[in-house]
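Please walk me through this model in a viewer, one selection at a time. I would like to know what to pick next and what is found there.

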Amino acid sequence: MAVPESLSVAQARRITLAAQGFLDPRPGGATDMRHLRRVLRRLHLIQMDSVNVLQRAHFMPLYSRLGPYDPGLLERAAYRRPRELFEFWGHEASLIRTDLQPLFRWRMARAHELAWGNMRRIAEEQPQLVAWVLDEVRARGPITAAEIEHDAPRSKDHWGWNWSVVKQALEWLFYTGQVTAAERTTSFARRYDLPERVLPPAVLAAPDPSPAEAFRALVELSARALGVAGEAELRDYFRLPLQPCRAAIAELAEAGVLRPVTVPGWKAAWLHHEARLPRRVTAATLISPFDPLIWERARTERLFGMTYRIEIYVPKPQRLYGYYVLPFLLGDRFAARVDLKADRRSGELQVPAAWREPGADPEETAVALAAELSRLAGWLGLHTVALPERGDLLAPLASALRTGVVPSWSVAP
C-alpha cells in the first residue's frame, strides 16, 4: 500500500510494526539460521542485559517475531564461526551484525571522549596495567576478567590492582576495539580475545568509512528498522551524537532516502523510502522491556498510547505494575501488560500481575494472552503457567488459563 505524506497515528503504528518484522510469517515449527537472519536484517542489532528473571534480554526479540525458536541459533550466530554477530556498544551493550562492524570504528576511535569515567581513568592513569592486560589476552585468550585478576602485577607504584581495575582495563580495550567478546560463560561473563581471532577476516579487512559515511549509514539503518521516526528516535537507535545525526538526516532527505511526513502529535517525522503501510496487523506476542520496538519510551507513548517504564529499580511498594513487566501486543495495539517470572526450580511460569490496557476487550485479551503465556512457557522449558496474583485482568486471565486455551500445557491451580 502506498504511503501518503500525511499519516494517522494508526498508520504510523502499522508502518512501524511492519518495519520491525511483525508482519513477516512465523516459521510455525523448526527454525533455522534463515529465520534468524531475516529478523537481524530487520533489527540490525539486539540489546543485551544481565537480568534473567524470565529470559536473557537478547533472546526475546527473536521470540517475539518468530515464536518458539531454538536459542542455540543465536548462540551460534554470536559465538561460533563464522560469526554473524559481535558484541559492542550499539544501543547500550548489544549484539550487532558483524558486517556493520566498520560503521562503529568511529566510536572506538573516540573512546577518550565517549567512554565513561572509570575506563578513561584507567587508560590515562594506569596505561601499563592496560598494556599488561592486553598482553594477557593475547597470550591466554579467550579469557575472563576473573581468570587474570589474581595475576595482575602489584608494584610499589600500583599496589592493590584487583578485579575491578582489571575489568575496567578490559572494558577499555573492548570499547576501543582492541579486544572483543569471544563468548559468554554460563554466569554471563565475557570471555575476551583479540578481534583477529574472533571476527571474520573480511570484516577486519573492510576499509574504515569516514565518520560522515558511518553516520549516514547508521541513520539509514535506523530509519529502515523504524519505518517512520522522529529525529530523537533515529539518534537513539544507535545512540548517535546530535549534530552528525542531523547532518546525516539532511543528506539522506536530499537523496530521497528519507521523506518528510506529518503525524498528529509529532513535531516532525521521517519515512524511510522503502517503508510499507499494511492494511492490518495480526500480531499476538509479548514484547521484552529491551525490545527495539519500545526502546524510545516517548515514541512508544505517541504510537501506542502506552506509558511504559521498567520498574526493576523501583522500590517494591512504589511499583505500579510489577518487577519485570512485558507489554502484550495484540493486533496493532498493546492490549495488556504482564509481570512474569520463570521459576526454573519448580518449572513454573509465574504471573505476579496482569493488567489490561484501556480500550482492550478483557475477554478477547485474556484468551489471546493465555495462549501466548502457554507458548512462552513451552519455549522456556517450563511445565505450568501459574494463575495471576493481582491486576485488573486477573479474573478473565485466570478463567482463560483454567479452561486450557492451549491444552498441551498444564496450568497451576
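Start with the salt bridges: in this predicted model, 3 of them link domain 1 and domain 2. To see a salt bridge, select Arg 80 and Glu 183 and show their side chains, which meet at 4.0 Å, N to O.

Next, look at polar contacts across the same boundary. Between domain 1 and domain 2, 5 residue pairs are in polar contact, with both partners at pLDDT 80 or more.

Now select strand E2, residues 85–90. This strand gives 4 residues to the side of domain 1 that touches domain 2, the largest share. Colour that side of domain 1 by class: 6 residues are nonpolar, 4 are polar and 6 are charged.

Then colour by domain. The assignment places 9–101 together with 207–272 in domain 1, 115–199 in domain 2 and 309–403 in domain 3. Select the contact between domain 1 and domain 2: each of these two domains brings 16 residues to the contact. Put a marker on the C-alpha centre of domain 1 and another on that of domain 2; the two centres lie 29 Å apart.

Switch to a surface view for the buried area. Domain 1 and domain 2 bury about 1300 Å² between them, and carbon and sulfur atoms account for 61% of that area.

Which three residues supply 44% of the area that domain 1 buries against domain 2? Select Arg 83, Glu 87 and Trp 89, which supply more than any other three residues.

How values were computed: Residues numbered from 1 in each chain as written. Predicted model: local features only at pLDDT ≥ 70, side-chain atom pairs only at ≥ 80, totals over all residues. Heavy atoms only, no water. Domains from an automatic or database assignment. Contact = heavy atoms within 4.5 Å. Buried area = accessible area lost by both parts, 1.4 Å probe. Polar contact = N/O pair within 3.5 Å; in protein donor to acceptor, adjacent residues only side chain to side chain. Helix = DSSP H or I, 4+ residues; strand = E, 2+ residues; numbered from the N terminus. Nonpolar A, V, L, I, M, F, W, Y, C, P; charged D, E, K, R; others polar.
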